[in-house]
Amino acid sequence: MNHFQYRNGILHAEDVAIARIAAEVGTPFYCYSTATLERHYTVFRDALAAAGLDATVCFACKANPNVAVIRTLADLGAGADVVSEGELRQALAAGVPPARIVFSGVGKTRRELEFAVAKGILQINVESEPELELLSEVASARGVRMPVSIRVNPDVDAGTHAKITTGKKENKFGIEWTRAREVYALARRLPGVEVVGVACHIGSQLTELEPFRDAFLRVRDLVAMLRADGIDIRRLDLGGGLGVPYEHETPPSPAAYAETIRATLGDLGCRVIVEPGRLLVGNAGILVAEVIRVKEGTTRTFLIVDAAMNDLMRPALYDAHHAIFPVIEPAADAPRAEVDVVGPVCETGDTFAKQRPLPPVKAGELLAFGTAGAYGAAMSSTYNTRPLVPEVLVRGGEFAVVRARPGFEEMRALESLPGWFDRES
Ligand code: LLP
């Protein structure tokens with residue numbers, strides 16, 4: 001359920017006509033709906049509560065690190081899962097209390113660990129022995145013991161796209177589950193860390209519950225072993241990964257996901273941390289673009305739009321499907337023709353959809369790309385020296401630009417010509 005609907009034949013985000021935003025902000029732009037963010041968060045939180053779980057929902061900021069988006073979720077009580085100093089700063093700036101922030105990631109630097117320890121966040125999920133030792137050193141230097149979970153890699157196949165699966169033993173993530181016990185033993189000996197839990201995250205855009213169940217049962221076995229070793233495991237961080245419908249997928253409901261957690265881990269007396277990203281923000285965002293021109297090739301028709309792979313990378317990177325629909329609602333009986341929807345970037349990979357059946361669209365018309373709120377703006381770049389795509393947040397009848405489109409001078413302001421060019425002229 002989302003709040004991007006046609007009203008009187010015109011696409012709206014909540015009570016705001018998309019064309020009105022386009023006229024003011026220019027295209028392309030991302031548009032997020034506050035009501036959809038709120039709905040996704042509350043449905044998910046309530047599902048965990050209904051399953052009787054003591055759960056903290058830490059929004060995976062990587063999916064959408066815009067400070068206004070994080071703030072919207074934080075105001076409802078969400079915590080944050082961050083993977084860099086930058087994301088940690090975004091979460092803090094959005095008002096997420098440090099006591100609800102988890103720091104994950106495979107390559108945290110000393111500087112990042114120092115910053116996280118100084119801020120007194122809830123916990124750091126550690127992914128290797130050297131990281132554990134470094135963290136212990138950093139925390140000891142500050143005279144604190146940092147709460148940690150160790151991220152274990154349960155070696156299950158999440159059945160997702162190869163580039164976003166993380167829980168197999170050949171992936172770079174976590175500690176191989178068979179070695180976890182010895183790493184916990186090491187952690188226990190280190191003065192600057194306090195082991196509080198187990199963490200795992202097996203992949204993203206999961207559309208089945210079985211991989212979660214398999215991973216959670218492995219976590220369960222591990223908790224039993226660790227407790228037998230005298231380690232007080234009291235938190236379980238189960239990562240994110242629950243999928244959303246992009247096309248024909250029917251991912252499990254939050255209630256079914258919560259029930260899987262309850263059935264596998266609910267009796268362990270642990271506080272549960274979950275790190276959903278896509279689920280909270282995916283359907284809460286669209287990307288809006290204008291058709292620059294329609295180009296008739298010999299075998300295909302190309303719809304060239306003013307958004308490109310640098311604005312929404314997912315189709316180029318993962319062959320991902322995003323719904324594409326005109327901002328002016330087509331007649332129900334409008335003929336559909338197969339077209340390739342492409343951007344202006346000089347790469348064949350800059351293709352959003354191949355042979356997609358669309359109603360007739362002309363240059364100057366607006367198109368929306370659905371389910372673009374997660375890993376859309378977050379992964380955008382300035383490739384082809386295209387300004388970073390702006391972001392707009394709608395709330396009821398209001399909208400605000402929450403990330404502006406930089407001007408070309410601003411973009412160049414970070415660059416400089418070395419002095420030798422002047423000397424030679
Ligand atoms: N926790 C950890 C440790 C993660 O690595 C991730 C995502 C999440 C939570 C959130 O997962 P989610 O609930 O969003 O599935 N760029 C890709 C997705 C990469 C996901 C990386 N890790 C895409 O556009 O599909």
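**Two domains and an N-terminal sheet**

In this predicted model, the area buried between domain 1 and domain 2 is about 1,900 Å², and carbon and sulfur atoms give 56% of that area. On the domain 1 side, the residues that lose the most area to domain 2 are Tyr318, His321 and Tyr375, which together make up 28% of what that side buries. The domain assignment puts residues 4–32 and 282–412 in domain 1, and residues 34–277 in domain 2. Domain 1 is thus written as two segments of the chain, 4–32 + 282–412. The C-alpha centres of the two domains lie 32 Å apart. Each domain brings 21 residues to the contact: 21 from domain 1 and 21 from domain 2.

What kinds of polar interaction are counted across this boundary? Between domain 1 and domain 2 there are 0 salt bridges. Polar contact is counted there, however, with 9 residue pairs, both members of each pair being at pLDDT 80 or more. Three elements each supply at least two residues of the side of domain 1 that touches domain 2: helix H11 (314–318), strand E20 (391–395) and strand E21 (398–403). E20 gives the largest share of that side, 4 residues. Sorted by class, the side of domain 1 that touches domain 2 has 11 nonpolar, 5 polar and 5 charged residues.

Salt bridges are counted in the structure as a whole, where there are 22. One of them joins Arg151 to Glu127, with the closest N and O atoms 3.0 Å apart. Arg151 belongs to strand E9 (residues 146–153), and Glu127 to the loop between strand E8 (123–126) and helix H6 (129–141), so the pair ties together parts that are 24 residues apart in sequence. Side chains of opposite charge can pair when their charged atoms come close.

The next part to follow is the start of domain 1. An open sheet is formed there by 3 strands in the order E1-E2-E3, with antiparallel pairing. Strand E1 (4–7) and strand E3 (16–17) are the edge strands, each pairing on one side only. E1 is joined to strand E2 (residues 10–13) by 4 bridges, and the two run antiparallel. Within this pairing, Gln5 has His12 in E2 as its bridge partner, and Tyr6 stands opposite Leu11 in E2. In a regular strand the side chains alternate between the two faces of the sheet. E1 and E2 form a hairpin with 2 residues between them, and Asn8 in the turn has a positive phi of about 50°.

On the other side of the pairing order, 2 bridges join E2 to E3, again in antiparallel fashion. Ala13 stands opposite Val16 in E3. E2 and E3 also form a hairpin with 2 residues between them. Which residue in this second turn has a positive phi? The residue is Glu14, in the loop between E2 and E3, and its phi is near 50°, a positive value in a residue other than glycine.

Further along the chain, the peptide bond from Thr27 to Pro28 is cis, with omega near -5°. Pro28 is found in the loop between helix H1 (18–25) and strand E4 (29–33). Most residues other than glycine have a negative phi, and most peptide bonds are trans. Against that background, the backbone features to look for are the positive phi of Asn8 in the E1 and E2 hairpin, the positive phi of Glu14, and the cis bond from Thr27 to Pro28.

Note on methods
Residues are numbered from 1 along each chain as its sequence is written. This is a predicted model: local features need pLDDT of at least 70, side-chain atom pairs count only at pLDDT 80 or more; totals for chains, interfaces and linings use all residues. Side-chain values use heavy atoms; hydrogens and water are left out. Domain bounds come from an automatic or database domain assignment. Contact means heavy atoms within 4.5 Å. Buried area is the accessible area (1.4 Å probe) that two parts lose on being put together, summed over both. A salt bridge is a side-chain nitrogen of Lys or Arg within 4 Å of a carboxyl oxygen of Asp or Glu. A polar contact is a pair of N or O atoms within 3.5 Å; within protein, one must be able to donate a hydrogen and the other to accept it, and residues adjacent in sequence count only if both atoms are side-chain atoms. Ala, Val, Leu, Ile, Met, Phe, Trp, Tyr, Cys and Pro count as nonpolar, Asp, Glu, Lys and Arg as charged, and the others, Gly among them, as polar. Two strands pair if DSSP finds at least two bridges between them.
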